[in-house]
Amino acid sequence: MKRSFTWVFAGMLVAVFLVDSAFAGIIQTDEAKKWASENGKARQSFSFIVFGDNRPTSPTRPLPEVLDIILKEISLIRPDFAVNIGDLIWGYFGTPKQARDEFSAFTKRVYKYTPDVDMLFVAGNHDTPSEEIQRIYRELFGQKLYYNFTFGNSHFVMIDTNFPRSLLEKGQKYGFYNVNDGEHELAMVDWTKKVLGQNAEHTFVFGHVPVFSALTPHFGEHPKSFTTRGNRDDLLKFLLEKKISAYFAGHEHIFYAQSVGETKFFTLGGGGAPLYGPTTGGYSINTGEGPDYKTLKSDPEVEHGGHAKGHHYDLHFPAGALSIFSYMLVTVDRDKVSYNLMVPHSFEVTYLKGNDGLSVESSAVIANTTPYEWTLRGVTFLMPYSEGGYEVSGSHVGFRDWKAKPAKVAPEILEVEKVSDSLAKVRVMATIPGSNSIDVFLKVK
Ligand SMILES: [Fe+2]
């Protein structure tokens, strides 16, 4: 009996994935323009998530569990799209078959946990360590290695700071070079200059390596970012002249932010790969030198937050940098942009009842472990298909009497996706106050 139920349920899951007409996922670089014109048309307000550096610890190891959590949360938040800023796999010194298997492990996770969110990519050094593996990357993620698209009122420019060294000149490594990927009339530097001439309310630029390296800000022997200051300055000049809104990078497995004028520079390398450096700058925590709680070190140019002893680099770690797993939610609202750094486990959904495609009633507790109120647009339930529709309600528990009270903001049904004659996926929007949970109840009408 149990076995037959398992098979029935497994069959339904397969049906969900096969019949789902809204099936989203990886947007090939070559398709990005078309995708953006269809999905972003006339949008003045929208949101996207930036995450990356989710490679495993070492060759042949599984992808980090943190990646699964981040993907689940992307699904729950349900932004308009997500951008991964590179280093999906280990890649280095692997065979083409091994690289393909590693990419496959990544895309499996995406389709398992984030099947309904469109995702765009920029290449990291681990994704394209050789021309051979770069060819596989291009086959899977698109031939164009630098590309742009306009989504609503914003222009997105994606560059490749990690061409394999065999394609670069002597002495060049990570950086902004005038390489042509064979898909453009202009090589990348000339192309970037040209496309940055395009007008938009906001311009966002993405590349794998940070413009402002937290760990090696003074370049030197083994910089963790751009190989030379001069090359970095070439890109920086373009970005500042254009007054872009933000440049997003990863590569350094930390969070770091810096601004020049109105332009923000974010390092968001906390997608699950091993973290670099002590947990936080300032205070000398985890450095073997402190902690020193009396001295708040705030100027990374003047004060070191400490050095990560024992790490294979003698890393500078400025105050303000955070060696934590994280991702960023960016919200564009007409002429305004807000940037929210999120940590995994910000939201947790526990299904208490139903969600099996069979029960006429389902319920779930949705916890918000952040101090802020958030609206999640991707809380989904598997329900029997109902011509008459569904009814949704929400409640929270009183702190004093432990009794259920109506949710301050009632949940709403956003979408009913008919999977088959007997099965539907119902998507609910739920607003959860900071440091609190709400119950969502869904039933067939
Ligand atoms: Fe990297």
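I49 stands opposite A82 in strand 2. Strand 2 (residues 81-84) pairs with strand 1 (residues 45-51) in the parallel sense, over four bridges. Two strands count as paired if DSSP finds at least two bridges between them. Helices (H or I, at least four residues) and strands (E, at least two) are DSSP runs, numbered from the N terminus.

This is a predicted model, in which local features need pLDDT of at least 70 and side-chain atom pairs count only at pLDDT 80 or more, while totals for chains, interfaces and linings use all residues. Residues are numbered from 1 along each chain as its sequence is written.

**The sheet**

Strands of a sheet pair through backbone hydrogen bonds, either parallel or antiparallel. Here five strands form an open sheet of mixed pairing, in the order 3-2-1-10-11. Strand 3 (119-121) and strand 11 (336-342) are at the edges, and each has a single partner strand, so one side of each is left without a neighbour in the sheet. On average, neighbouring strands of this sheet are turned by 20° against each other, direction ignored.

**Helix 3**

Helix 3 (residues 65-77) has 13 residues and reaches 19 Å from its first C-alpha to its last, close to the 18 Å expected at 1.5 Å a residue. The expected span is 1.5 Å times one less than the number of residues. Of the 13 residues, 10 are buried, that is, 20 or more other C-beta atoms lie within 10 Å of their own, with C-beta atoms placed from the backbone. Among the buried residues are V66, L67 and E73. The buried residues pack against several elements, including strand 1, strand 2 and helix 4; a contact means C-beta atoms within 7 Å.

**Helix 4 and helix 5**

The axes of helix 4 (residues 96-113) and helix 5 (residues 131-141) come within 9 Å and cross at roughly 35°. Axes are lines fitted to C-alpha atoms, for helices over the stretch in contact, and angles run from 0 to 180 degrees between N-to-C directions. P96, A99, R100 and F103 in helix 4 meet E132, I133, I136 and L140 in helix 5.

**Positive phi**

Most residues other than glycine have a negative phi. The table lists residues with a positive value.

| Residue | Phi | Place |
|---|---|---|
| W402 | about 60° | loop between strand 15 (390-397) and strand 16 (404-406) |
| S435 | near 55° | loop between strand 18 (423-432) and strand 19 (436-444) |
| R78 | near 55° | follows helix 3 |

W402 counts as exposed, with 7 C-beta neighbours inside 10 Å; the cut-off for exposed is 12 or fewer. S435 is also exposed, with 12 other C-beta atoms within 10 Å.

Terms used: Two residues are in contact if their C-beta atoms, placed from the backbone, lie within 7 Å.
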